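User: I am new to this structure. Please take one part, look at it closely, and then show me how the rest connects to it.

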Amino acid sequence: MDVLSGLIHGFSVAVAPVNLMWCFVGCFLGTVVGIMPGLGPAATIAMLLPLTFKMDPTSAIIMLAGIYYGAKYGGSTTSILLNVPGESASVVTCLDGYQMARKGRAGAALGIAAIASFIAGTVGVIALMLISPPLAKVALSFSSPEYFALMALGLAMVVLLAGKSLVKALLAMLVGLWIASMGTDLFTATSRFTFGHSELLDGVDFVIVAIGVFAVGEVLGNMEQREASQMLPVPKGLRNLLPTMEELKACRFAFLNGSIVGFLIGVLPGAGSTIASFISYGIEKAVSKHPEKFGTGVPEGVAAPEGANNSETGGALVPMLTLGIPGSSTTAILLAALILWGLKPGPLMIQDNPNLFWGLVASMYVGNVMLLVLNIPLIPLFAQILRLPVELLYPIIFGISMVGVYSVSGSLFDVWMLSAFGLLGYLMRKLDYPSAPLILGLVLGDSMERALRQSLMMSQGELGILVSRPISAVMLGLAVLILLLPLFRKANAWRVRALEENG
Amino acid sequence: MKSVANGDVVSGGVLAGLGVFVVVQASGWDYLAPEGPGPGFFPLWYGLALIALSLGLMIGALRRRAAAPEHGVHWGEVGRALFAWTALTVAIGLLNVLGFVLSFALLTFFIVSIMYRRPLGFGLAAGAVSAAAFYLIFPLALNVALPTGLFGF
């Protein structure tokens, strides 16, 4: 199926009334969770995942993706009105968005954020549609050694998800691998790490870990403090939410910059929308005629990062849909969702599930239009969500988490595990262990072990098979290079320090 | 900072212990079978990596701790989070006795009135309304089962 006929087919799927409804539900929920500080799209998707088991996978992925990109639209609202990012990708929007709001231009800032999100989000979907099919075709030639190398490359991306400490990120990833190997070994039927519990023979369900670490852990972290931030007034009326022509003119380059930078960074597994928004903001400032004004409330300072974090969504879906490699915690959960519905994300995904792939792509065009309509005139209404007392919100999140986990297997043992993983998630936050690598290890661990063992069976135990095939050798080489990156950075820092000390 | 360094030493120790456990368990399974790697192959390697990295983390933290200024942990904040976690765990423990609806109502009441110090009447109303809403949405509207207790709901 070529791109044009694929897209036409996708629109026939996406505009079916039931899919339009789920797309709207996803975009609406995404906007709501984006607005709420402390509740991110990864946690929301994880919580709602069990409820999608009875849904058609195409409708379900349309809804979950709607939450993913909808949250990017909503995330700017709290950055602008409260100086508190609704999600990590909106941190940079605080710099100029909040300053614009303090100058009485909150409406314009919210409008620019919505317009930039729409333009860049649409560019991201176009690029996703054009790049994914050829990439999947290349990956069709993969066998077990290439899959192992691909998984190793995916795990090496942990370097980019590391945050402050690479060692902690690697440790979190190894714990993910350990959890992934719990249960019955498929090759030999040996029980591993089951601690005598028959409930663990099938392994630990991904949903329990994701909901525990993300939703419960996040809420426990937020419950450390009782106070809430003070919100700036939201302007009412469409006219007050539209930016002036001058402001739009000033944002021309920022729209383009955000779209391109966001997509390219999104395609790189591990980089993520927060990095995309920072880089886009940095480029915007670097090429600006008045860089000194950045941080004082310039519209470009809102348009560039907001565009980048929306375009990143399209980019991040490329490796997930075509190679089965998630680049962030949210795409890891989406990947797990596809596996739980019985699908096989990877090179055959587009060929075997054209309804799902093209339906998703077309729904993202539709969803972006819905979000623009939802976000410009209805922002004052959405902002009222911020008035919902947290003491009512937090027990509701706990309740949805318990119901979500219980609905997977009907087992109270799983709900106990939810509590344990919730505590783990909180402690990881407290001790600065990033949670995305744990999820990456958990999602990729099982497939990686299987691919490695199949490869070694093919070669009768000869490890050379992993490097004797060109694609696999290149990917393993890349994985090693990525893992060595921090050493290069450290060596460069020592070199610079030595040069400074000498002269 | 001293508190972070202490946390790294403790968490490094726990993870090193986990690594030792993984290696000991893995050594009891086949490393190589006639048809290829056995069930102990993969865990043995990541277990060893766990030990090596956590020891690295601990050594780095101990070195930093010697030079770092005093920086206290906000135990009050940690206590609040652990208090909330305990409430959630108790609510989970009550699921097979009281069922989801009553356990969840109690959990909501506890968070609203005890942790956030809102009036008792408000907490009771919040608990009752949210538990009823869960019952209406999940078992009745979505046909999703909730854990039931001795009272049958």
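Analyst:
**A close look at Leu171(A)**

Leu171(A) sits in helix α8 of chain A, which covers residues 166–180. The model is a predicted one.

Is Leu171(A) buried or exposed? Leu171(A) counts as buried, because 28 C-beta neighbours lie inside 10 Å. The cut-off for a buried residue is 20 or more.

Which residues does Leu171(A) touch, once its neighbours within four places in sequence are set aside? One is Tyr433(A). The others belong to chain B: Leu15(B), Leu50(B), Leu53(B), Ser54(B) and Leu57(B). In sequence, Leu171(A) and Tyr433(A) are 262 residues apart. In space, their C-alpha atoms are 8.4 Å apart.

Those chain B contacts lead to the interface. Here 49 residues of chain B are in contact with 47 residues of chain A. On the chain B side, the elements that give two or more residues are α1 (2–27), β1 (32–33), β2 (36–37), α2 (41–67), α3 (75–93), α4 and α5. Helix α2(B) provides the largest share, nine residues. By class, this side of chain B has 34 nonpolar, eleven polar and four charged residues.

Chain B itself is divided into domain 1 (2–67) and domain 2 (75–142). The C-alpha centres of these two domains lie 38 Å apart.

Next comes helix α5 of chain B, residues 120–142. Its 23 residues should span 33 Å at 1.5 Å a residue. The end C-alpha atoms are 31 Å apart, which agrees. Its buried residues are Gly123(B), Ala126(B), Gly127(B), Ser130(B), Ala131(B), Phe134(B) and Phe138(B). An α-helix has 3.6 residues a turn, so residues three or four places apart point the same way. The buried residues of α5(B) pack against α18 (390–409) of chain A, together with α4 (95–115) of chain B. After α5(B) comes Asn143(B), with a positive phi near 60°.

Helix α18 of chain A appears again in the next part. It is among the elements that cover the buried residues of α3(A). The cover also includes α2 (17–35), α4 (57–82), α9 (206–222) and α15 (329–340) of chain A. Helix α3(A) runs over residues 41–48, and eight of its eight residues are buried, so it is largely enclosed by the rest of the structure. They are Pro41(A), Ala42(A), Ala43(A), Thr44(A), Ile45(A), Ala46(A), Met47(A) and Leu48(A).

Chain A also offers a helix pair. Two packed helices are described by the angle between their axes and the distance between the axes. For α5(A), residues 91–102, and α6(A), residues 106–139, the angle is about 145° and the axes are 7 Å apart. From α5(A), the contact uses Thr93(A), Gly97(A), Met100(A) and Ala101(A). From α6(A), it uses Ala106(A), Ala108(A), Ala109(A) and Ala113(A). The classes are six nonpolar, two polar and no charged residues.

One last residue belongs to chain A. Met448(A) lies in helix α20 (residues 436–458) of chain A. Met448(A) is buried, with 22 other C-beta atoms within 10 Å. Leaving aside neighbours within four places in sequence, Met448(A) is in contact with Phe148(A), Met151(A), Ala152(A) and Leu155(A). Ile208(A) is 240 residues from Met448(A) in sequence, and the two are 21 Å apart in space, C-alpha to C-alpha.

Note on methods:
Residues are numbered from 1 along each chain as its sequence is written. Chains are lettered from A and ligands numbered from 1 in the order in which they are written. This is a predicted model: local features need pLDDT of at least 70, side-chain atom pairs count only at pLDDT 80 or more; totals for chains, interfaces and linings use all residues. Helices (H or I, at least four residues) and strands (E, at least two) are DSSP runs, numbered from the N terminus. The expected span of a helix is 1.5 Å times one less than its number of residues. A residue is buried if 20 or more other C-beta atoms lie within 10 Å of its own, exposed if 12 or fewer, and partly exposed in between; C-beta atoms are placed from the backbone. Two residues are in contact if their C-beta atoms, placed from the backbone, lie within 7 Å. Ala, Val, Leu, Ile, Met, Phe, Trp, Tyr, Cys and Pro count as nonpolar, Asp, Glu, Lys and Arg as charged, and the others, Gly among them, as polar. Domain bounds come from an automatic or database domain assignment. Axes are lines fitted to C-alpha atoms, for helices over the stretch in contact, and angles run from 0 to 180 degrees between N-to-C directions.
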